[in-house]
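Please walk through this structure, starting with the packing of its helices and going on to its salt bridges and to a few single residues.

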Amino acid sequence: MRVQTAELGVTIDGTPIFTGIDLDLNGGHMVALTGPSGSGKTTLLNCLGLILRPSSGHVTIDGQITNSWNDKRRTNFWAQHAAFIYQDYGIVEDETVTYNTTFKSFTRGSEAEEILRHVGLDARKEARAGVLSGGEKQRLGVARAMYKHADVIYADEPTASLDEDNRNLVTSLLRERADAGVLVIIATHDDRLVQQCDTEYKIR
């Protein structure tokens with residue numbers, strides 16, 4: 001999948017967050033969006049994921065300008081092509097880890113079990129998702145992206161507040177997705193994670 005921007009800008013309550021951003025991001029790459037707190041990393045990530053509409057410029061997905069996409073078309077993009085890895089993003093806390101991976105009730109002996117084994121959550125597959133640690137929730141986000149065969153993954157500070165073991169595991173799982181042809185876009189302060197990325201874009 002290819003995600004591009006042209007003269008992208010966002011203004012909130014009369015204050016420009018960023019302006020004139022031109023990006024060309026392609027599948028098979030892990031891309032870091034970096035910059036100081038308040039620079040607009042998460043805002044840009046949300047624009048690239050079609051969660052937030054830009055104030056100027058446009059986002060293009062596989063050659064199609066998305067500014068005029070209606071809610072149904074955006075929802076189809078999220079359902080069929082995109083995965084989001086934010087702390088607690090989209091987690092149904094009272095449901096099991098398996099359900100949160102697949103949004104299906106019955107998956108025994110399925111691809112989901114293999115994926116949860118791969119991300120180190122097989123022993124937690126019947127646990128309620130609300131009791132997971134921060135690192136486990138991030139790995140659950142990766143598992144969900146793997147299960148839906150997402151073409152693009154948007155991750156906001158996926159290694160923040162994680163211990164070293166979980167940080168290394170989440171980083172390696174994201175790198176693995178990129179090596180498999182997925183476009184992985186990450187907003188991060190983590191220099192070690194940035195070092196594993198193919199490209200870094202600094203927002204000033």
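The paragraphs below take up helix packing, then one residue of a helix, then salt bridges and finally backbone angles. The model is a predicted one, and every value quoted here is computed from it.

Two packed helices are described by the angle between their axes and by the distance between those axes. For helix α5, which spans residues 134-147, and helix α6, which spans residues 164-179, the angle is about 15° and the axes lie 10 Å apart. Because angles under 35 degrees count as roughly parallel, α5 is to be described as roughly parallel to α6. The crossing in which α5 passes α6 is left-handed. On the α5 side the contact is made by Gly135, Gln138, Arg139, Val142 and Met146, while α6 contributes Asn166, Leu169, Val170, Leu173, Leu174, Glu176 and Arg177. Sorted by character, the residues of this contact between α5 and α6 comprise six nonpolar, three polar and three charged ones.

Helix α5 also packs with α4, and here the angle is about 140°, with the two axes 9 Å apart. The arrangement is oblique, α4 to α5, because only angles over 145 degrees count as roughly antiparallel and those of 65 to 115 as roughly perpendicular, the rest being oblique. In this pair α4 passes α5 in a right-handed crossing. Glu111, Ala112, Ile115, Leu116 and His118 of α4 make the contact together with Ala143, Met146 and Tyr147 of α5. The residues that join α4 with α5 divide into six nonpolar, one polar and one charged. Met146 of α5 appears in the contact with α4 and is also listed in the contact with α6.

Is Leu140, a residue of the same helix, buried or exposed? Leu140 is found in helix α5, and its relative accessible area is 1%, so it counts as buried. When its neighbours within four places in sequence are left aside, Leu140 is in contact with Ile91, Val97, Asn100, Thr101, Leu121, Ala129 and Leu132. Ile115, which belongs to the α4 side of the contact with α5, stands 25 residues away from Leu140 in sequence and 9.7 Å away in space, taken from C-alpha to C-alpha.

How many salt bridges does the structure hold? There are eight of them, and three are followed here, including one that joins two loops. Arg128 forms a salt bridge with Asp94, in which the closest N and O atoms are 3.5 Å apart. This pair links distant parts of the chain, since Arg128 lies in the loop between α4 (111-118) and α5 and Asp94 in the loop between β6 (82-85) and α3 (97-102), with their positions 34 residues apart in sequence. Arg128 has a relative accessible area of 37% and is therefore partly exposed, whereas Asp94, with a relative accessible area of 65%, is exposed.

A salt bridge with other surroundings is formed by the side chains of Asp190 and Arg167, which meet at 3.4 Å, N to O. Here too distant parts of the chain are linked: Asp190 is in the loop between β8 (183-187) and α7 (191-195), Arg167 is in helix α6, and the two are 23 residues apart. Both Asp190 and Arg167 are buried.

The side chains of Asp179 and Arg175 meet in a salt bridge as well, at 2.9 Å from N to O. Both residues lie in helix α6, four residues apart, which is about one turn of the helix. Asp179 counts as exposed because its relative accessibility is 58%, while Arg175, at 15%, counts as buried. A network of salt bridges links Arg175 and Asp179 with Asp198.

The backbone deserves a last look. Most residues other than glycine have a negative phi. Asp62, although it is not a glycine, has a positive phi of about 45°. Asp62 is found in the loop between β4 (56-61) and β5 (64-65), and at 45% relative accessibility it counts as partly exposed. His149, likewise not a glycine, has a positive phi of about 55°. His149 lies in the loop between α5 and β7 (152-156), where it is exposed, with a relative accessible area of 54%.

Technical notes: Residues are numbered from 1 along each chain as its sequence is written. This is a predicted model: local features need pLDDT of at least 70, side-chain atom pairs count only at pLDDT 80 or more; totals for chains, interfaces and linings use all residues. Side-chain values use heavy atoms; hydrogens and water are left out. Axes are lines fitted to C-alpha atoms, for helices over the stretch in contact, and angles run from 0 to 180 degrees between N-to-C directions. A crossing is left-handed if the near helix is turned anticlockwise from the far one by less than a right angle, and right-handed if clockwise. Contact means heavy atoms within 4.5 Å. Ala, Val, Leu, Ile, Met, Phe, Trp, Tyr, Cys and Pro count as nonpolar, Asp, Glu, Lys and Arg as charged, and the others, Gly among them, as polar. A salt bridge is a side-chain nitrogen of Lys or Arg within 4 Å of a carboxyl oxygen of Asp or Glu. Buried means under 20% relative accessible area, exposed over 50%, partly exposed in between (1.4 Å probe, protein chains only).
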